[in-house]
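Reader: Please zoom in on a single part for me: the pocket, and the residues around it. Keep it informal, and spell out your cut-offs as you go.

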Amino acid sequence: MNDRFEAIGRLEDELAQGFEDLTPHWEVRGADPVLTVRCGDVEVELVPQDDGRFRLSAAASAEQVAQVLALLTRRPAPAPYRTRSRRLSAVQS
């Protein structure tokens with residue numbers, strides 16, 4: 001378990017040094033160290049796992065989700081009106 005605390009500390013240091021707009025903060029919830037990272041209105045919680053990976057959970061608007069996925073896939077984010085149009089089409093079907 002101590003390794004998970006070390007892992008969260010290292011990740012917090014790396015994020016603080018590599019991304020100046022992020023606001024990292026970690027706390028202990030139960031037995032888990034949890035690193036919360038905020039940037040603007042997006043908040044991501046990272047929980048280290050025993051296998052060295054991190055479990056992520058996030059709270060974001062639909063447009064922010066599209067922006068995050070665009071970053072992950074290195075594609076341009078869809079225009080907000082396209083996202084809403086697809087949503088309306090799905091509801092009407």
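**A close look at the pocket**

Author: Of the contacts in this protein with a separation of 6 or more, 22% join residues 24 or more positions apart; a contact here means heavy atoms within 4.5 Å. Bear in mind that this is a predicted model, with local features needing pLDDT of at least 70 and side-chain atom pairs counting only at pLDDT 80 or more, while totals for chains, interfaces and linings use all residues. Residues are numbered from 1 along each chain as its sequence is written, and side-chain values use heavy atoms, with hydrogens and water left out.

How far does the predictor trust it? The mean pLDDT (the predictor's confidence in each residue, from 0 to 100) is 80, and 80% of the residues reach 70 or more. Among the elements, β4 has the highest mean, 90, while helix α3 (residues 80–92) has the lowest, 57.

For the general layout, picture three helices and four strands, in the order α-β-β-β-β-α-α from the N terminus. Helices (H or I, at least four residues) and strands (E, at least two) are DSSP runs, numbered from the N terminus. The protein has 93 residues, and 22% of them count as buried. Buried means under 20% relative accessible area, exposed over 50%, and partly exposed in between, with a 1.4 Å probe and protein chains only. The protein exposes about 7,000 Å², of which carbon and sulfur atoms supply 53%; those areas come from the Shrake-Rupley method with a 1.4 Å probe, and for residues, only the protein chains shown count as cover.

Now to the pocket itself. The largest one has a volume of about 850 Å³. A pocket, on a 1 Å grid over the protein atoms alone, is an open set of points where a 1.4 Å probe fits, with protein on both sides within 12 Å along at least five of seven lines, and lining residues have an atom within 4 Å of a point. Grid points are joined across faces, edges and corners, and the volume is the space filled by probe spheres set on the points.

What lines it? There are 22 lining residues, and Leu22, Val42, Val44, Val68 and Leu71 lie nearest the centre. The elements giving two or more residues each are α1 (2–18), β2 (32–39), β3 (42–48), β4 (54–59) and α2 (62–73). Helix α2 gives the largest share, with seven residues. By class, 17 of the lining residues are nonpolar, three polar and two charged. The nonpolar class is Ala, Val, Leu, Ile, Met, Phe, Trp, Tyr, Cys and Pro, the charged one Asp, Glu, Lys and Arg, and the others, Gly among them, are polar.

Start with Leu22, which sits in the loop between α1 and β1. Leu22 is partly exposed, at 23% relative accessible area. Beyond four places in sequence, Leu22 touches Leu15, Val37, Arg38 and Cys39. Another residue from the central group, Val42, is 20 positions from Leu22 in sequence, with 10.0 Å between their C-alphas.

Val44 belongs to strand β3 and is partly exposed too, at 24%. Once residues up to four places away are set aside, Val44 touches Leu35, Thr36 and Val37, plus Leu56, Ser57 and Ala58. Val44 and Ala59 are 15 residues apart in sequence, and their C-alphas are 6.7 Å apart.

Two of those partners are worth following. Thr36, in strand β2, is buried because its relative accessible area is just 2%. Its contacts beyond four places in sequence include Thr23, Pro24 and His25, along with Glu43, Val44 and Glu45. Ser57, in strand β4, counts as partly exposed at 38%. With sequence neighbours up to four places away left out, Ser57 touches Glu43, Val44 and Glu45. Ser57 also lies 6.8 Å from Leu46, C-alpha to C-alpha, at a sequence distance of eleven residues.

From Thr36 you can step on to His25, in strand β1 (residues 23–29). His25 is partly exposed, at 42%, and its contacts, leaving aside neighbours within four places, are Glu12, Val34, Leu35 and Thr36. Arg38 is 13 residues from His25 in sequence and 8.6 Å away in space, C-alpha to C-alpha.
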